[in-house]
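Thanks for taking a look at this one with me. Here are some notes to read alongside the structure, set out as numbered points.

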Amino acid sequence: MVEGAEVGWAAAIAGFRRHLVAELDRSPETVRAYVADLASLRAHAEREGRPELADLDLTVLRSWLAAMRAAGAAPATRARRASLARVFSAYAVRRGFLATDVAARLVGARAIRQVPQVLTAAAARQLLDAVSGPGQAPGDQSAEQVRHFTGARPGRDDDAAVRRALGLRDALMFELLYGSGVRVSELCGLDLGDIDDERRLLRVRGKGGRERSVPFGVPAARALRAWRTSGRPLLAVPRSGSALMLGQLGGRLDPRTVRRVLARCVELGIVPTGLTPHGLRHSAATHMLEGGADLRSVQEFLGHANLATTQIYTHVTPERLRAAFDQAHPRA
């Protein structure tokens, strides 16, 4: 066991954080989530009268998960925290913070994978037409269209040119979320240098720092051109740096803004209630499968490390199953 001032939660969590970053190459978002979960565990242990890390045992861990369940935490959340407890406990033993691996026998909740809401291809087209106007290039939106979707507020939004710039941004935002199936965090993290116009590819940094190339279509290429030439320059400020997508004050686009704009579309009845940005990504994968793409290609498209994840995020529609049965089964 480690002796003296090195013993304790603070030292163990700090070391575990360095381990996540330097050795496991976890993303900043993952590291923040894990550290927050450990803070929750520590607070629970203190409430249970076990303030020292050396007092941590299987009983405390099980009561922590039970308390989360009583508070209404989702099975996926409880499963993630149980997994974290096992990883942290094993690390703490290796580094001498714990004498035994107290979480080795910890069993968490079985995560129930919920399939996000999926748009039909027609509904996706309706959304994209709504932000740019049917048959219009993204730059053809009227000021009234732009005000609808941006939810313009007093101040800088009152400038018609800025409203138009925000409209160009939102048109590109939806083209990439659906057309390229990127995550919200990946969209907001794009830089100007990540665009390969000649090959129509985006360089995307996904979970775990993994980098991949994602194609974008002709409509997205038009939206990109309109945004970079007529939209972004109106919002850019020195702190914009190389960020592709900008917020109304010129900083890098925040994921919360993306969700707010989509929520505005829900309010206007353009898309179904409950649709999220992740639902657009899921819709893209579903429509690719319905169009005949193989699962491995969709896995690469989405940036999943494991094919099993792609199988969960995609599903076979009854129509496609019927068509495949009719085509392939000898007794059809």
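How are α7 and α10 oriented to each other, roughly parallel or roughly perpendicular?

1. Let us start with that pair of helices, keeping in mind that this is a predicted model. The axes of α7 and α10 lie 11 Å apart and make an angle of about 95°. That falls in the range of 65 to 115 degrees, so α7 and α10 are roughly perpendicular to each other. On the α7 side, the contact is made by Arg-169, Asp-170, Met-173, Phe-174 and Leu-177. On the α10 side, Thr-257, Val-258, Val-261, Leu-262 and Cys-265 take part.

2. Now for the protein as a whole. The protein has 332 residues, of which 43% are buried, and contains 14 helices and three strands. If you take contacts between residues at least 6 apart in sequence, 58% of them join residues at least 24 apart. The exposed area is about 17100 Å², with 52% of it supplied by carbon and sulfur atoms.

3. The largest nonpolar core is worth finding next. It holds 56 residues, and the members that touch the most others are Met-173, Phe-174, Leu-176, Leu-177 and Leu-187. Elements giving two or more residues to this core include α5 (121-132), α8 (184-188), β2 (201-205), α9 (218-235) and α12 (295-302). The element that gives the most is α7, with 11 residues. There is also a second, separate core of 30 residues, with Tyr-34, Leu-56, Met-68 and Ala-82 among them.

4. Phe-174 makes a good landmark. Setting aside residues up to four places away in sequence, Phe-174 touches Leu-127, Leu-128, Val-131, Gly-179, Val-261, Leu-262, Cys-265 and Leu-280.

5. Please look at Val-271 too, in the loop between α10 and α11. Is this loop residue, Val-271, buried or exposed? Its relative accessibility is 5%, under the 20% cut-off, so Val-271 counts as buried. Beyond its neighbours within four places in sequence, Val-271 is in contact with Leu-127, Leu-262, Cys-265 and Val-266. The C-alpha atom of Val-271 is also 7.0 Å from that of Ala-123, although the two residues are 148 apart along the chain.

6. A second helix pair can be set beside the one above. Helix α2 (residues 28-47) and helix α3 (residues 58-70) have axes that come within 10 Å and cross at roughly 110°. This crossing makes α2 roughly perpendicular to α3. From α2, the residues in the contact are Asp-37, Ser-40, Leu-41, His-44 and Ala-45. Their partners from α3 are Val-60, Leu-61, Ser-63, Trp-64 and Ala-67.

7. Next, the aromatic residues. The whole structure has four aromatic pairs. In one of them, Tyr-91 and Phe-97, the ring centres are 6.5 Å apart and the planes meet at 25°, so this pair is stacked. Both Tyr-91 and Phe-97 are buried. They belong to one aromatic cluster together with Trp-9, Phe-16 and Phe-88.

8. Finally, a backbone detail to check. Most residues other than glycine have a negative phi. Arg-200, however, has a positive phi, near 55°. Arg-200 sits in the loop between β1 (195-196) and β2. With a relative accessible area of 34%, Arg-200 is partly exposed.

Definitions and conventions. Residues are numbered from 1 along each chain as its sequence is written. This is a predicted model: local features need pLDDT of at least 70, side-chain atom pairs count only at pLDDT 80 or more; totals for chains, interfaces and linings use all residues. Side-chain values use heavy atoms; hydrogens and water are left out. A nonpolar core is a set of buried Ala, Val, Leu, Ile, Met, Phe, Trp, Tyr and Cys residues joined through side-chain atoms within 4.5 Å. Buried means under 20% relative accessible area, exposed over 50%, partly exposed in between (1.4 Å probe, protein chains only). Helices (H or I, at least four residues) and strands (E, at least two) are DSSP runs, numbered from the N terminus. Contact means heavy atoms within 4.5 Å. Accessible areas come from the Shrake-Rupley method with a 1.4 Å probe; for residues, only the protein chains shown count as cover. Rings of Phe, Tyr and Trp (its six-membered ring) pair if their centres lie within 6.5 Å; planes under 30 degrees apart count as stacked, over 60 as edge-to-face and the rest as tilted. Axes are lines fitted to C-alpha atoms, for helices over the stretch in contact, and angles run from 0 to 180 degrees between N-to-C directions. Angles under 35 degrees count as roughly parallel, over 145 as roughly antiparallel, 65 to 115 as roughly perpendicular and the rest as oblique.
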